[in-house]
Amino acid sequence: MGAALGAEMVTRREFIDGVAVSAASLALGRTTLGTNLETTAGTNLETTAKSYTRIVGANDRLNFAVIGLNSRAYAHLSSLKANEKAARITHVCDVDETILNKFAGATQKEMGEAATPLKDFRKALESKDVDAITIASPDHWHTPMAIAGLQAGKHVYVEKPCSHNPAEGAMLVAAQKKYGKVVQMGTQQRSSRHTIEVIEKIRAGEIGRPYLAKAWYSNTRKSIGVGKEAAVPTTLDWDLWQGPAPRRAYRDNVHPYNWHWFRNYGTGESLNNGTHEVDVCRWALGVDFPKRVTSSGGRYQFQDDWQFYDTLVTSFEYEDKMLTWEGKSCQGMRYYGRDRGSAILGTTGTVVVDRDGYEIYDLRGKKTNEVKAGGGTSSADLVGRDSMTDAHFGNFIAGVRTGAKLNAPIEVGNVAVTMLQLSNIAWITQRELHLDAKDGKILNDAEAMKMWEREYEKGWEPHV
């Protein structure tokens, strides 16, 4: 376990030379890099890029570009600082000049050296110096940006959710296999020592046979109001901010955070926060895609521009197990004294685990063991600096440099993401979905299956 979480056992690293960068344009369509490249060039570019692999010294640090700098990126900064013996930040990218300059200043202060600030992340992909990118942009950019990075020969750390829709998730998994670089999703609890420990205890029979898992999230978010069309701030590149999403007029209550609650850009609270706990629950149960999904909920607390639910109860059903998620964006009532967490119930007991530790109960609910590993995780914290994220970055760096096994490789992380995207589809269509357990695709419901993918702005479509 220690080796999997470490960041400093370094023997080598590799990266694709800059000749591969032309391929990045193929990930986003013809217009994104202002070129007129034909997609048929992709195979030749990929082959050429692979021929430029090189090995460098064991003491060399990985160069990172951090993309999307408003909130969660500060945890990326903190964790790269924690792993500074193996990593440095050479580029920081954001379409909002104000956010960009603030983060660039913080980077210089924390890392002790300046990073190149860029409004257009694609310029970072052109740099031969960049080995890896971290993505904390709005959700609609996650997959297109990650694929562009892979095609430019970069390793990728992408925040959850790794995609905006199920088709994108499958596309990103395919891209990782095609280009062969390391891709880790930011479900940092996969690198939590106490969570790994309690999962091992569950596997060893601590609570008998686990068959029911409950995940929850409680917060007291405020109303986003009713926005109005407004002039785009002079510091913001609104066209690049929208990127692959169909174009909408700028409104004054979307940027820089409330995009989470607009379906054109965001994925709702299920993907924003539920991904973490649902991933832990399915890890504990040892399950992948379910056979049936149901979702009930609505926007109850406020009447405003919020396009998702503020309250949602979702059930994922398997042959002999069940997983549920309850999200309350605007009602802070806690369960088990926690804002968020996972409860795994088995034939002889229960485990309750969150980011700060775990408790074990017998069949009657009497506590038999407790492990405290952290302090006071709050659902209101929009940054989330913590030792788990430090370890998760360390694991990613070790995966790049030594081939260490990833704790949340994209093919694993994408399962919980796809499950919760399917719960969104079940909520939108207001009916239960029956799934193919092999890949999560919806069976016998053509209308719901149309939501498996999205419409893109012409010329900005991602391509593997």
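This passage describes helix α12 and the aromatic contacts of a predicted model.

Helix α12 comprises the 16 residues 387-402, and at 1.5 Å a residue these should span 22 Å, which agrees with the 21 Å that separate its end C-alpha atoms. Of these 16 residues 13 are buried, so the helix is largely enclosed by the rest of the structure. At the start of α12, a side-chain oxygen of D386 comes to within 3.2 Å of the backbone nitrogen of M388, while G403, just after the helix, adopts a positive phi of about 75°.

The aromatic pairs in the model number 16. One of them joins W141 and W460 in an edge-to-face arrangement, with 6.1 Å from centre to centre and 75° between the planes. Because W141 belongs to the loop between β6 (132-135) and α7 (142-151) and W460 to the segment after α14 (446-449), the pair ties together parts that are 319 residues apart in sequence. W141 is buried, its relative accessible area being 3%, and W460, at 8% relative accessibility, also counts as buried. In addition, R247 lies over the face of W460, at 5.2 Å from the ring centre.

A further pair involves helix α12 itself: the ring centres of Y157 and F393 lie 4.1 Å apart with their planes at 20°, and the pair is therefore stacked. It connects distant parts of the chain, since Y157 is in strand β7 (residues 155-158) and F393 in helix α12, 236 residues apart. A relative accessible area of 0% is found for Y157, which is buried, and F393 is likewise buried at 0%. Together with F64 and F396, Y157 and F393 form one aromatic cluster.

Notes:
Residues numbered from 1 in each chain as written. Predicted model: local features only at pLDDT ≥ 70, side-chain atom pairs only at ≥ 80, totals over all residues. Heavy atoms only, no water. Helix = DSSP H or I, 4+ residues; strand = E, 2+ residues; numbered from the N terminus. Expected span 1.5 Å × (residues − 1). Buried < 20%, exposed > 50% of the residue type's maximum accessible area, 1.4 Å probe, protein only. Polar contact = N/O pair within 3.5 Å; in protein donor to acceptor, adjacent residues only side chain to side chain. Phe/Tyr/Trp six-rings, centres within 6.5 Å; stacked < 30°, edge-to-face > 60°. Lys NZ or Arg CZ within 6 Å of the ring centre and 35° of its normal.
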